[in-house]
Amino acid sequence: MEQLKRQRVFDLLKKDTTSLIGEQVNVKGWVRTKRGNKNVAFIALNDGSIIHNIQVVVDVQEFNNDELLKAVTTGACISVNGKLVESQGKGQSVEIIASGLVVYGSADPDTYPLQKKGHTLEFLREIAHLRPRTNTFGAVFRIRHALAFAIHNYFNDRGFYYLHTPIITGSDAEGAGAMFHVTTMDLNNVPKTEEGKIDYSRDFFGKETNLTVSGQLEGELGALALSNIYTFGPTFRAENSNTTRHLAEFWMIEPEMAFYDIHDNQDLSEDFLKYLISYVLENCTDDLEFLQKMYDNDLIGRLKFVTENTFERLSYTRAIEILEQSGQKFEYPVKWGVDLQSEHERYLVEKHFKKPVILTDYPREIKAFYMKVNDDGKTVRAMDVLFPKIGEIIGGSQREENYDTLISRINEMGIPEKDVWWYLETRKFGTAPHSGFGLGFERLMLFITGMGNIRDVIPFPRTPQNAEF
Ligand code: 4AD
Ligand code: MG
């Protein structure tokens, strides 16, 4: 077959192809369907560049190669040369009249798992190696890319520097969740000290190490030098929580800003979320429309609503009053001092305010050591952003910049000073008021795609008992 430059299906369907009409073009991709009769065959071809397929028309008599056409089945990968013509049928602008065809890889119809449409999302999770070839996961992963790109765009435009914080960490101070150990020790023959404890001095790093639960502490070091930084990387939590909103490996975006107080922090979080949602509304229309049609009738309306309305801001204390007066029966009863469960968060967002909510000033006992203590001594300058259908999407705070207060918080919580001496030094030398937050990337993906399970918005989910792919 003649060598021609490959055209992406996206370019053929979305760009101006006037100059290509009547010309020979090449497309490559995976067959979604083939139908027709003994005279003509219609192949719907998808190359993942766009949700839509391009139609390839084959004049069976003229093509005169039944063996080759037989191998063109759902799932097969092919390369097609042919004349680009304006489409006769509706639904597509152009199509290709095939003149040459190569089968790169066949897909046996008896065993190809995606032979038929309409598989459940649960089944597709079991074939995570093939599910990117479905319309749903193509749409989800293209949106994931667009969002990641928009995140870098947003910060770059505003003078934030992307700081790479470590994945392997020697500190366990954050207290954000159970950690995964990192070791090269032989687990069948672990070196012990004379007292019978594990001798980490003989491990790879000469100390106990874990996968990070957050880049924040290192992010703060960056902000206290570069003013505005952000991290965007994988984080790991070994909790055994099997919910639709938790992963053991998830991605987090953590901006950290010198000279920001808790109000600046809230403003940034709201502006950031609205920017990202608007970006996807503008740039991923076809994929969003598909997801709306398939899974969630209100999807696009809900996204627009969030971009057009001001988030409700109130204190934790006020939120507790509202919950207590709601007359609702919650599985976990509420009173001042308890950590909010997602049922409480969702009541506030979905039933009471009917829009995103930012809660601030939580009780110090339920929040991390680094949050700035308020003048009342009872609450800290925490902020959580709560979203419809998701609950907590962002967690953050103004940070405690006072050395003495921070030391007493650390002692209070039993965190050894030797583990965080480097963090404490930033409060000793040129400390500054500063704030930051963490956005769960997959929680945002859940909201934007309307998917119901966090396992369906990351290519290869890591959850308890599941790391096959
Ligand atoms: O509230 P978290 O634990 O906050 C932090 O880690 C801070 N260090 C952030 C900061 O101030 N820089 O986590 C932040 C966000 C949550 O709001 C949630 O969206 C997401 O990360 N998240 C998870 N997403 C998926 N699976 C999990 N197991 C998650 N745990 C938290
Ligand atoms: Mg949190």
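Strands here are DSSP runs of E covering at least two residues, numbered from the N terminus. With that in hand, let us walk through this predicted model, starting at its ligand.

Around ligand 1 there is a shell of 23 residues, and the closest of them are E174, Q216, R237, E254 and E392. Which strand gives the most to this shell? That is β15, with five residues. By chemical character, the shell around ligand 1 divides into eight nonpolar, eight polar and seven charged residues.

Now look at the polar atoms that face the ligand's oxygen atoms. R237, already met among the closest residues, places a polar side-chain atom 2.8 Å from an oxygen atom of ligand 1. The backbone takes part in this picture too: a polar backbone atom of I393 lies 2.8 Å from an oxygen atom of ligand 1, and for a polar backbone atom of G440 the distance to a ligand oxygen is 3.3 Å. How much of the ligand does the protein cover? Ligand 1 taken alone exposes 630 Å², and the protein buries 91% of that. The elements giving two or more residues to the shell are β11 (249-258), β15 (391-398) and β16 (434-440).

Let us turn next to the protein surface. There, I167, I168, F204 and F205 make a nonpolar patch of about 390 Å². One of these, F204, sits in the loop between β8 (181-182) and β9 (209-211). Is F204 buried or exposed? F204 counts as exposed because its relative accessibility is 59%, and the cut-off for exposed is over 50%.

Technical notes
Residues numbered from 1 in each chain as written. Chains lettered and ligands numbered in written order. Predicted model: local features only at pLDDT ≥ 70, side-chain atom pairs only at ≥ 80, totals over all residues. Heavy atoms only, no water. Near = heavy atom within 4 Å. Polar contact = N/O pair within 3.5 Å; in protein donor to acceptor, adjacent residues only side chain to side chain. Areas by Shrake-Rupley, 256 points an atom, 1.4 Å probe, with all protein chains shown as cover. Helix = DSSP H or I, 4+ residues; strand = E, 2+ residues; numbered from the N terminus. Nonpolar A, V, L, I, M, F, W, Y, C, P; charged D, E, K, R; others polar. Patch = residues over 30% accessible without salt bridge, like charges linked within 9 Å, V, L, I, M, F, W, Y side chains within 5 Å. Salt bridge = Lys/Arg side-chain N within 4 Å of Asp/Glu carboxyl O. Buried < 20%, exposed > 50% of the residue type's maximum accessible area, 1.4 Å probe, protein only.
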